[in-house]
Amino acid sequence: MVVSVTASTTQGQMLNENELDSIKEACDMAIEVHDFKLRILDYVEARMAFISPNLSAIVGASTAAKMMGLAGGLSRLANMPACNVQVLGAQKKTLSGFSQVAALPHTGFVYYCELVQETPPDMRLKASRLVAAKCALAARVDAGQESRDGSIGQMFREEIEKKLDKLQEPPPVKFIKPLPKPVDPSRKRRGGKRVRKMKERYAVTELRKQQNRMNFGDIEEDAYQNDLGYTRGTIGKSGTGRIRLPQVDEKTKVRISKTLHKNLQKQQQWGGSTTVRKQVSGTASSVAFTPMQGLEIVNPQAAEKVGGEENAKYFSSTSGFLQASRK
């Protein structure tokens, strides 16, 4: 960008031979210095397993060599805080007039190592801070010439991987905590004869208990001859096999009023009224054919009413005895 802008704004004057030779010599020196730098980095990278094995176990030999070369040695790198280790190798970009949205701050050698680049983009800055902190600790271990086999660096790398995996886990499902059990203080319950009578009235009878029981290994027979599964349980299965009469319990017996009881007793007496005589045949009709008038409307129940009113006075089921008087 700088070369293109300079070329577009130059006055177009030709350089003389001395200036051109100086520029060529400077370019050759820059290329030679860069080649020397690469050779030194390659040598240091090859010897990183012996110089700093713990730091190489975390970020790799190439990144560790670049960090040591830029810091000025292992001792200076060990004296650096983690915040400065994170920005080692960061290039300050002067984007005058251009957008700085895509510019990544605090992105040095640590940001482009393998551990950080494997994480999602939105978590790379957090991962780089974590790796930089462990690199500072590993550099101090190497400066003290401890753990020459790199076991501490390998332990730091495993801790970093576990923390990164923990950060990438989905959030736990929120558990809806149930409401606590309501505090139900002890209170007085109603008792007495009325409550006992009500419990006895709605108690389970012996017949219902037998119906609810089942014998092991017996084939149940459906009471309705279909697939409803309604059976009689153990009713009538003991003894002769017949259905025994249920034991009538006076406590659970159906209660009726005294008036209804009197009416039922009157109907059960000899000569009482019956509902059979009051039924009318479906073929009975109020229209009859007579030889005198042809069609005639008659009452089919008129024959039953003949003498009904006279007999009701003496032969009624509800009337009492009458005292006969002499004439």
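These legends accompany close-up views of a predicted model.

**View 1. The whole protein chain.** The protein chain has 327 residues, and 19% of them count as buried. It contains 15 helices and two strands. Its accessible surface comes to about 27,700 Å². Carbon and sulfur atoms make up 56% of that surface. Among contacts with a separation of 6 or more, 48% join residues 24 or more positions apart.

**View 2. Helix 5 and its buried residues.** Helix 5 spans residues 61–71. Thr 63, Ala 64 and Ala 65 are buried here. So are Met 67, Met 68 and Ala 71.

**View 3. The cover over helix 5.** Several helices help to cover the buried residues of helix 5. They include helix 2 (17–46), helix 3 (48–51) and helix 4 (53–59). Helix 6 (74–79), helix 7 (82–86) and helix 9 (124–143) are also part of this cover.

**View 4. Lys 66 in helix 5.** Lys 66 lies in helix 5. Is Lys 66 buried, exposed or partly exposed? Lys 66 counts as partly exposed because its relative accessible area is 38%, between the 20% and 50% cut-offs.

**View 5. The surroundings of Lys 66.** Leaving aside residues up to four places away in sequence, Lys 66 touches Leu 41 and Phe 109. Leu 88 is 22 residues from Lys 66 in sequence. In space, their C-alpha atoms are 8.9 Å apart.

**View 6. The residue just after helix 5.** Gly 72 comes just after helix 5. Gly 72 takes a positive phi of about 100°.

Key
Residues are numbered from 1 along each chain as its sequence is written. This is a predicted model: local features need pLDDT of at least 70, side-chain atom pairs count only at pLDDT 80 or more; totals for chains, interfaces and linings use all residues. Side-chain values use heavy atoms; hydrogens and water are left out. Helices (H or I, at least four residues) and strands (E, at least two) are DSSP runs, numbered from the N terminus. Buried means under 20% relative accessible area, exposed over 50%, partly exposed in between (1.4 Å probe, protein chains only). Contact means heavy atoms within 4.5 Å. Accessible areas come from the Shrake-Rupley method with a 1.4 Å probe; for residues, only the protein chains shown count as cover.
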